[in-house]
Amino acid sequence: MADISANFLGIRSPNPFWLASAPPTDKAYNVERAFEAGWGGVVWKTLGEAGPPVVNVNGPRYGAIWGPDRRLLGLNNIELITDRDLEVNLREMTEVKKRWPDRALIASIMVPCDEESWKAILPRVEETGADGIELNFGCPHGMSERGMGSAVGQVPEYIQMVAEWCKKYSRLPVIVKLTPNITDIRYPARAAHAGGADAVSLINTISSIVSVDLDNFSPNPSIDGKGSHGGYCGPAVKPIALNMVAEIARDPQTAGMPISGIGGVTTWRDAAEFIALGCGNVQVCTAAMTYGFKMVQEMISGLSDWMDEKGYTSIEDFRGRAVPNVTDWQYLNLNYYTKARIDQDLCIKCGRCHIACEDTSHQAITHTVNGARHFEVIDEECVGCNLCVNVCPVEDCITMVELTAGTDPRTGCPVDADYANWTSHPNNPATREAAE
Amino acid sequence: MMPDTRPVQDSRISAADRSDNFSDLHPPLDRHEALVEADRCYFCFDAPCMTACPTSIDIPLFIREIQAENPVGAARTIFEQNIFGGMCARVCPTETLCEEVCVREVAEGKPVKIGLLQRYATDTYMARATTHPFARAASTGKKIAVVGAGPAGLSCAHRLATLGHDITVYDARPKPGGLNEYGIAAYKTVDNFAQREVDFILKIGGIELVQGQVLGRDVQIDKLVDDFDAVFLGIGLPDTNDLGLEGEDAAGCIDAVDYIARLRQAGDLGALDVGRNIVVIGGGMTAIDIAVQTRLLGAENVTIVYRRGKENMNASVYEQELAQTNGVVIRHWTRPVGLTRGDDGAINGIGIEKTGLADGRLVGTGETMTLPADQVFKAIGQKFDPAPLGALGIALEAGRIRADATRRTSHDKVWAGGDCVAGGEDLTVASVEDGKIAAMSIHAALMG
Ligand SMILES: Cc1cc2nc3c(=O)[nH]c(=O)nc-3n(C[C@H](O)[C@H](O)[C@H](O)COP(=O)(O)OP(=O)(O)OC[C@H]3O[C@@H](n4cnc5c(N)ncnc54)[C@H](O)[C@@H]3O)c2cc1C
Ligand SMILES: Cc1cc2nc3c(=O)[nH]c(=O)nc-3n(C[C@H](O)[C@H](O)[C@H](O)COP(=O)(O)O)c2cc1C
Ligand code: SF4
């Protein structure tokens, strides 16, 4: 059987599934239930500085969007960092780590952006026996108005500065948690790297308004008729997170820096995808908040069964395998031709492929053949775009098939086995200039 | 019982229709259907379905594993609690177990199709996996005898083998599987599934099957108690209750369970003798099964005669409707009062009387009629035969073996489970659970 244990920055955990810093890790009670259910590690709910803790709103903190059948796809929250006293948190962390030595316990920290504040809290955290620290430069709401969270994470120089302080005042591994509320994720990642951080974790939540109440015209969640933007997370944000992870993994300046993947992880498959893009482990918040801690059992069996099926004995066997395949558009092979194929046995004749292609794309799918309702791809028109595949309700009913010989019926171009990309294409102005 | 010698009435139904009739009652879900159905599960906390399952299968977890496209992991989750997960997926009356309490039954009147999803997972496992889902623990050196290779016996044997014990299973019949092989309706377990499942279960290793050995005739219980560290009895119910009517031994008055066993073993269903007018006496699963199967074999009129109302029947409403949609007439509140015979001595009719309740007691109303019948099937329950227990003094209760909550009998080296013990539910899944409980108790007793 595959070994799914993980070693992230020398921090070992029986599996690569950690709970992200959030309500599921807010106190000993939750964390111990999580460990009992099988979670490999936790990042404790973000700690603030000593003294009176922050306060949360006393009304609704969450809004959501749903797919059909009310499947929760995206969650939005306006919760702040922990609203419990620092001392209570530190005491509980110490006790929990002692009781669960084989699980990873990371302290998430957010204190004001001055050296003294960090210098003060770091030794306190180290005393708990925590395995590492995560710097919360991510929260996009509330804390950012006070110059913390994403307000720091959006300024690479601050990231580097705080990372340096942490390396200076603590011997613990430092993970910088990045905010996605930025145009190019590589800059904060490079700053973390330059500051000596051992790893980055991403993504934190995305600034969002999840919905507007059309009776009182308040954003949701509504606090007495008003709302502020929140942080968006859950399955909906996974594609954004995967891209950001990939950008960091393939950036020459940060390549090889350990990454903890976060954002929409719900099943073993999501986790495997993050790991394939180079992550050493993954963190989960929304899925646990939707289904309870027991969901990790599916992730454990799923990852291990898939690894067995593929012959991978450890996570390192496939970690990062997708990174070399993430490239720039200009390097994609323009001699690669595909056509959609509709499996007539699986087709339920809903017509969605036809109308999508007819109205909005390339008029390449029939609706009637010999007087009968029949959906079939017209190769002379099909550009191979994959839209029909994505709108078809039946998985694998429409597939993209590669042309391997002959000519493309649409363009009349011969199907050439040789790779050729935009950089050398005759229509590329740069190519033309070079030739001239 | 005299053998049926009348000609086969093959002209009523073509061989093709007959074979079609005996195909899968509920065709399996394909991958698309399974994914759509799995998506409906809410992954409930402390899920009611799981509590309703006699073997406590973690239903929400296995459905989630199907959702995440890991049907092999889903099957392992099922097999951990129920090694007969494949058969149970086919034969469990889910409408009165897990699916009855599914929260989507409450919400929409449409439960998640748990049985079919279970079948999807277990079928996928058995088609794909080359290995057994579990490995045996190190050998304990203990030897246990199991009598009866039905669901109770084999479930017990499998769990004990997993725990490292060596098992010998004795069974009276030529083939293992008990009623899975000889009793369950043919359209619930097509394509020789019962034997394929037994082969799968035995792959754990450490189980020796000895067929054709009858306890009380070829093997003696006191010898087993001497030779083995423990004994488990899962010998089911070999006898059928009598109607108590004159003419019961005439040709045409048939034990339903015997007939179904022949049906299940028939190489050619066309060779079975099928009446034109059939009357079935009883109100349980056996009554439904014989009625539906004889209809599917080509009987013209099939009537179930049951002495009480629809809600009193042991067969669920769903099962009753299955019979009705197959053209079976169910006459509630009627009971048989006499068999009539033709000149050849064979049954040609049955007298029935309307019943009712008087002061809560069942009484005949005196209103009678005669139904034509060339076959009358007895399906009014099975009974236990204590003879094989010999003189060991194993205590009985209500005519079956008495067993405690851990399925230990009054003899401290003998455990029992399944249909042969008192107070059970007479379901495949309940027998599997009995075997499992007994195995854990035997293990605890032997290992201290
Ligand atoms: C017609 C019919 C249809 C049914 N349909 C369903 C259904 O759809 N769903 C459901 O859940 N349940 C159904 N049941 C009930 C279910 O089949 C039983 O509850 C279950 O098989 C009992 O398992 P068991 O292991 O206790 O006994 P059995 O399955 O009866 O197995 C007993 C085994 O012991 C052997 N044996 C008996 N005596 C001796 C002896 N003296 N020496 C050696 N071996 C012996 C037999 O050969 C047999 O292999 C049905 C029952 C019948 C009769
Ligand atoms: C209610 C809530 C509170 C959160 N609080 C914190 C926090 O205190 N510190 C932090 O670093 N991230 C916090 N997060 C962000 C999560 O740790 C995580 O990065 C994000 O939810 C994306 O993962 P997901 O899609 O699995 O939920 C919070 C998220 C939610 C939903
Ligand atoms: S009760 Fe129904 S919805 Fe809930 S977990 Fe079980 S199968 Fe799913």
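This is a short tour of a predicted model, stop by stop, with something to select at each one.

**Stop 1: the barrel**

Begin with chain A and colour its strands. Eight of them close into a barrel, and you can follow them round in the order β3-β4-β7-β8-β9-β10-β15-β16. The pairing is parallel. As you go from one strand to the next, the twist averages 25 degrees.

**Stop 2: two neighbouring strands**

Now select residues 41-47 and 104-109 of chain A, which are strands β4 and β7. How many bridges join β4 to β7? There are five, and the two strands run parallel. For one pair to click on, try Gly41(A), whose bridge partner in β7(A) is Ala104(A).

**Stop 3: a helix across the strands**

Add residues 28-37 of chain A to your selection, and helix α1 appears. Helix α1 lies across β3 (residues 17-19), β4 and β7 of chain A. Its direction is at about 165 degrees to β4(A).

**Stop 4: aromatic pairs**

Next, show the side chains of the aromatic residues. Over all chains, the count of aromatic pairs comes to 14. A pair of rings is described by the distance of the centres and the angle of the planes.

Select Phe8(A) and Trp18(A). Their ring centres are 5.9 Å apart and their planes stand at 90 degrees, so this pair is edge-to-face. Phe8(A) belongs to strand β1 (residues 6-8) and Trp18(A) to strand β3, both of chain A, so the pair ties together parts that are ten residues apart in sequence. Are these residues buried or exposed? Phe8(A) is buried, with a relative accessible area of 3%, and Trp18(A) is buried too, at 0%.

Move on to Trp118(A) and Phe137(A). Here the centres are 6.4 Å apart and the planes are at 70 degrees, so this pair is also edge-to-face. The pair links distant parts of the chain, 19 residues apart: Trp118(A) sits in helix α3 (residues 115-127), while Phe137(A) is in the loop between β8 (132-136) and α4 (150-153) of chain A. Both Trp118(A) and Phe137(A) are buried.

For a group of rings, select Trp268(A), Trp306(A), Tyr312(A) and Phe318(A), which ring pairs link into a cluster.

**Stop 5: charges over rings in chain B**

Finally, switch to chain B and select Arg90(B) with Phe193(B). Arg90(B) lies over the face of Phe193(B), 3.6 Å from the ring centre. Then pick Arg173(B) and Tyr182(B): the charged end of Arg173(B) sits over the ring of Tyr182(B), at 4.1 Å from its centre.

Technical notes. Residues numbered from 1 in each chain as written. Chains lettered and ligands numbered in written order. Predicted model: local features only at pLDDT ≥ 70, side-chain atom pairs only at ≥ 80, totals over all residues. Heavy atoms only, no water. Pairing = 2+ DSSP bridges. Helix = DSSP H or I, 4+ residues; strand = E, 2+ residues; numbered from the N terminus. Axes fitted to C-alpha atoms, helices over the stretch in contact; angles between N-to-C directions. Contact = heavy atoms within 4.5 Å. Phe/Tyr/Trp six-rings, centres within 6.5 Å; stacked < 30°, edge-to-face > 60°. Buried < 20%, exposed > 50% of the residue type's maximum accessible area, 1.4 Å probe, protein only. Lys NZ or Arg CZ within 6 Å of the ring centre and 35° of its normal.
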